[in-house]
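Me: I should like to learn how to read the features of a protein model in order. Could we go through one together?

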Amino acid sequence: MRNPLWQRLEQALLAYPDSRVEDEQGALTFEELRNRAKSLGAILARRIPPGGCCGVLCKSEKNAGLLLLALVCAGVTAVPLSVRYGKLHCQTILQKVHPCMLLSDD
């Protein structure tokens, strides 16, 4: 069974394929974002056990969004973290959640 949340997000991305997300490293169209999320999601689905969760800590909000979409596509619980939370706050979240993987753009 397909993930209903991913289906909704994918429909929204497909509705506006030429819309873009940008950061200082460049831009991605929504179509490119969807395609990359599906590719990464397929990889992550094979590497993260069912019921597992994954932390996401990126400097780039664009990269964080891509990884969060990929995790939703994979059916994996995403744990978004931010450098803005501060090191202690992030450590507290990670100690309580125990993600099986931490993804970063660093």
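Reply: The turns below go from the overall fold to the cores and then to single residues. The model is a predicted one.

Me: Let us begin with the fold. How many helices and strands does the protein have, and in what order do the elements run from the N terminus?

Reply: There are 4 helices and 5 strands. Read from the N terminus on, the order is α-β-β-α-β-α-β-α-β. The radius of gyration is 14 Å, close to the 13 Å that the globule rule gives for 106 residues, so the protein is as compact as a globular protein of that length. Along the principal axes, the C-alpha trace spans about 40 × 35 × 20 Å.

Me: What share of the contacts between residues at least 6 apart in sequence joins residues at least 24 apart?

Reply: The share is 65%. As for burial, 33% of the 106 residues are buried. The protein exposes about 6,900 Å², and carbon and sulfur atoms supply 54% of that area.

Me: How should I read the charges, and how far apart are the mean positions of the positive and negative ones?

Reply: The protein has 13 positive and 10 negative charges, and their mean positions lie 9 Å apart.

Me: Next, the interior. Which residues form the largest nonpolar core?

Reply: The general idea comes first. In soluble globular proteins, nonpolar side chains tend to be buried together. In this structure, the largest nonpolar core has 12 residues: L44, I48, C54, V56, C58, A64, L67, A70, L71, A74, V76 and L103. Two or more residues of this core come from each of β3 (53–57) and α3 (61–74). Helix α3 gives the largest share, 5 residues. Apart from this core lies another, of 8 residues, with W6, A37, L66 and L69 among them.

Me: With which residues is V56 in contact, leaving aside its neighbours within four places in sequence?

Reply: The partners of V56 are A64, L67, L68, L71, V79, P80, L81, L102 and L103. Of the core itself, V56 is one of the members.

Me: You named L66 in the other core. Is L66 buried or exposed?

Reply: L66 has 10% relative accessibility and therefore counts as buried, the cut-off being under 20%. The residue sits in helix α3. Beyond its neighbours within four places in sequence, L66 is in contact with L33, R36, A37 and L40. L66 and L40 are 26 residues apart along the chain, and their C-alpha atoms are separated by 8.9 Å.

Me: Charged residues deserve the same scrutiny. Is E10 buried or exposed?

Reply: E10 is buried, with a relative accessible area of 7%. Its place is in helix α1 (residues 4–15). Not counting residues up to four places away in sequence, E10 touches R2, R34 and K38.

Me: Where do E22 and D23 lie, and how does accessibility classify E22 and D23?

Reply: E22 lies in strand β1 (residues 20–23), and D23 also has its place in strand β1. At 56% relative accessibility E22 counts as exposed, whereas D23, at 18%, counts as buried. D23 touches S60 and K62, residues up to four places away in sequence not being counted. D23 and N63 are 40 residues apart in sequence and 9.1 Å apart in space, C-alpha to C-alpha. For E22 and I43, the separation is 21 residues in sequence and 24 Å in space, again C-alpha to C-alpha.

Me: Turning to the loops, which residues does P17 touch, not counting residues up to four places away in sequence?

Reply: P17 touches T29, F30 and E31. The C-alpha atoms of P17 and F30, 13 residues apart along the chain, are separated by 4.9 Å. P17 is found in the loop between α1 and β1. With a relative accessible area of 28%, P17 is partly exposed.

Me: Finally, backbone angles. What is phi of H98?

Reply: Again, the general idea first. Most residues other than glycine have a negative phi. H98 has a phi near 55°, a positive value in a residue other than glycine. H98 is located in the loop between α4 (87–97) and β5 (101–104). At 59% relative accessibility, H98 counts as exposed.

Methods
Residues are numbered from 1 along each chain as its sequence is written. This is a predicted model: local features need pLDDT of at least 70, side-chain atom pairs count only at pLDDT 80 or more; totals for chains, interfaces and linings use all residues. Side-chain values use heavy atoms; hydrogens and water are left out. A nonpolar core is a set of buried Ala, Val, Leu, Ile, Met, Phe, Trp, Tyr and Cys residues joined through side-chain atoms within 4.5 Å. Buried means under 20% relative accessible area, exposed over 50%, partly exposed in between (1.4 Å probe, protein chains only). Contact means heavy atoms within 4.5 Å. The radius of gyration is taken over C-alpha atoms; the globule rule is 2.2 Å times the number of residues to the power 0.38. Accessible areas come from the Shrake-Rupley method with a 1.4 Å probe; for residues, only the protein chains shown count as cover. Lys and Arg count as positive and Asp and Glu as negative; His and the chain ends are not counted. The place of a charge is taken as NZ of Lys, CZ of Arg, CG of Asp or CD of Glu.
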